[in-house]
Amino acid sequence: MSLQVMKDDFLAIQEQALTAIATASDLQGLEQVRIQYLGKKGPITEILRNVKNLDPSERPQVGALANELRKRIEEELSKAKESLEAAALLQALEDEKIDVTLPGRPLVSGTSHVLAQVSDLVEDFFIGLGYQVVEGPEVESDHYNFEMMNLPKDHPARDMQDTFYITQDYLLRTQTSPVQARTMEKHDFTKGPLKMISPGRVFRRDNDDATHSHQFYQVEGLVVDKNITMADLIGTLEAFSKHLFGEDREVRLRPSYFPFTEPSLEVDISCFKCGGQGCSVCKGSGWIEILGSGMVHPNVLEAAGVDSSVYGGFAFGLGQDRVAMLKYGIEDIRALYTNDIRFLSQFTGKE
Ligand code: DAH
């Protein structure tokens with residue numbers, strides 16, 4: 001192989017290499033080109049192997065040409081690499097483009113049930129006054145639901161609460177009042193007064209309609225200590241009514257009858273809708289009945305083992321359904337139990 005042939009070969013290699021570089025469409029292809037032309041098995045190495053056959057004076061020229069060719073190919077490779085990288089970056093930016101003007105997807109969050117919200121409101125108030133929150137069983141014995149609450153078997157007031165009996169002795173509790181007896185029995189009065197509320201579900205054998213439901217919710221309240229007077233009852237319920245229905249509420253007490261309290265009271269508040277003028281919410285009277293209460297009957301204390309000559313107390317019972325219906329203008333109690341999300345999602349707890 002003569003010097004001239006080698007020179008021609010070099011030129012041919014350069015041309016091929018530059019074309020291959022120019023047409024490489026990605027970085028991987030470019031790397032293939034590099035290996036093909038500059039690698040150990042490439043054509044330049046191949047030519048250099050024949051240098052030994054040349055006249056020694058011609059040899060340096062071939063070495064210089066080979067180096068030049070290598071350099072040229074390397075330069076072109078690195079230029080092509082740069083522009084392919086830039087193109088790859090542009091492509092990535094294009095592919096990953098985010099339209100920041102698109103509206104976000106709303107996160108839907110649930111709310112607690114409106115009845116749970118009322119319970120929370122009640123609990124907040126009484127926990128703040130140091131009451132404990134106690135739960136009792138929904139399947140209750142006749143003993144606790146009635147007998148312990150001063151309602152013996154033949155007592156006519158049992159008719160006030162139509163009962164789902166399971167057996168002769170067990171029933172679905174008709175009221176949260178039995179939790180009073182359960183808690184009093186266990187309470188150690190040497191350690192201090194008993195102050196409790198008990199929210200929960202109760203059951204009555206009623207036909208469901210707009211104002212009756214066979215299940216509903218109550219909160220029971222009970223305070224037992226020495227020297228508890230009716231002033232304690234009135235002060236507590238007045239503050240509680242304002243917590244539930246607003247500071248401007250006035251409270252009115254009416255004598256009533258419950259077997260477990262003596263005397264018994266019904267508590268009315270001045271109508272929060274019309275302020276007492278008379279409207280559809282208060283049925284024109286200006287007052288709304290919100291709870292039953294009274295001074296704990298000595299029989300109830302004694303039945304639970306509490307000495308009624310030393311201790312006395314007050315109790316109250318409130319219906320969450322009624323509070324929710326009044327507060328939010330709900331006209332049909334069944335809406336609280338049919339779990340229609342369109343109805344329930346209106347009560348966000350922020351109103
Ligand atoms: N248990 C009564 C009812 O279901 C409500 C009630 C009234 C509870 C007066 C009380 C109370 O503790 O003192 O109608």
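Q: A residue counts as buried when its relative accessible area is under 20%, as exposed when that area is over 50%, and as partly exposed in between. With those limits in hand, is Leu107 buried or exposed?

A: Before we read anything, please keep in mind that this is a predicted model. The general idea is to take the relative accessible area of the residue and to place it against the limits you have just stated. For Leu107 the relative accessible area is 84%, so this residue is exposed, since the value is over 50%. Leu107 belongs to the loop that runs between helix 4 (59-95) and helix 5 (114-128).

Q: How does one read the separation of two residues, and how many Å lie between Leu107 and Ala64?

A: One puts two figures side by side, the number of places along the chain and the distance in space. Leu107 and Ala64 are 43 residues apart in sequence, while their C-alpha atoms are 70 Å apart in space. Another pair to look at is Gly192 and Leu48, which are 144 residues apart along the chain and have C-alpha atoms separated by 106 Å. A third pair is Ala231 and Phe216, with their positions 15 residues apart in sequence and 30 Å from C-alpha to C-alpha.

Q: Where do Gly192 and Ala231 sit in the secondary structure, and is each of them buried or exposed?

A: Gly192 is in the loop between helix 7 (178-186) and strand 4 (194-203), and because its relative accessibility is 19%, which is under the 20% limit, Gly192 counts as buried. Ala231, on the other hand, is part of helix 8 (residues 230-245), and its relative accessible area of 56% places Ala231 among the exposed residues.

Q: How can the spread of a whole chain be judged, and what is the radius of gyration of the protein?

A: It helps to begin with the parts, and here the secondary structure consists of 11 helices and 9 strands. The radius of gyration is 45 Å, well over the 20 Å that the globule rule gives for 351 residues, so the protein is more spread out than a compact globule. Along its principal axes, the C-alpha trace spans about 135 × 50 × 40 Å.

Q: What share of the 351 residues is buried, and what share of the contacts joins residues at least 24 apart?

A: Buried residues account for 40% of the 351. If we take the contacts between residues at least 6 apart in sequence, 67% of them join residues at least 24 apart. As for the surface, the protein exposes about 19800 Å², of which carbon and sulfur atoms supply 51%.

Q: Which residues is Thr174 in contact with, apart from its neighbours within four places in sequence?

A: Those residues are Asn145, Phe146, Gln161, Asp162, Thr163, Val202, Phe203 and Arg204. Thr174 itself lies in the loop between strand 3 (170-172) and helix 7, and its relative accessible area is 0%, so Thr174 counts as buried.

Q: What does the UniProt record say about Glu262, and how is this residue placed in the model?

A: An annotation in a record should be kept apart from what is computed from the model. The unreviewed UniProt entry has a "binding site" annotation that covers Glu262. In the model, Glu262 belongs to strand 7 (residues 261-270), and because its relative accessibility is 49%, Glu262 counts as partly exposed. With its neighbours within four places in sequence left aside, Glu262 is in contact with Met295 and His297.

Q: What kind of peptide bond joins Glu262 and Pro263, and which backbone values stand apart from the usual pattern?

A: Most peptide bonds are trans, and most residues other than glycine have a negative phi. The bond between Glu262 and Pro263 is cis, with omega at about -5°, and Pro263 also lies in strand 7. As for phi, Lys283 has a positive value near 55° without being a glycine; Lys283 sits in the loop between strand 7 and strand 8 (287-296) and is exposed, with a relative accessible area of 76%. Asn339, likewise not a glycine, has a positive phi of about 55°. Its loop is the one between helix 10 (320-328) and helix 11 (341-344), and at 55% relative accessibility Asn339 is counted as exposed.

Definitions and conventions
Residues numbered from 1 in each chain as written. Predicted model: local features only at pLDDT ≥ 70, side-chain atom pairs only at ≥ 80, totals over all residues. Heavy atoms only, no water. UniProt positions renumbered as here; feature names shortened; annotations may be inferred. Helix = DSSP H or I, 4+ residues; strand = E, 2+ residues; numbered from the N terminus. Buried < 20%, exposed > 50% of the residue type's maximum accessible area, 1.4 Å probe, protein only. Contact = heavy atoms within 4.5 Å. Rg over C-alpha atoms; globule rule 2.2 N^0.38 Å. Areas by Shrake-Rupley, 256 points an atom, 1.4 Å probe, with all protein chains shown as cover.
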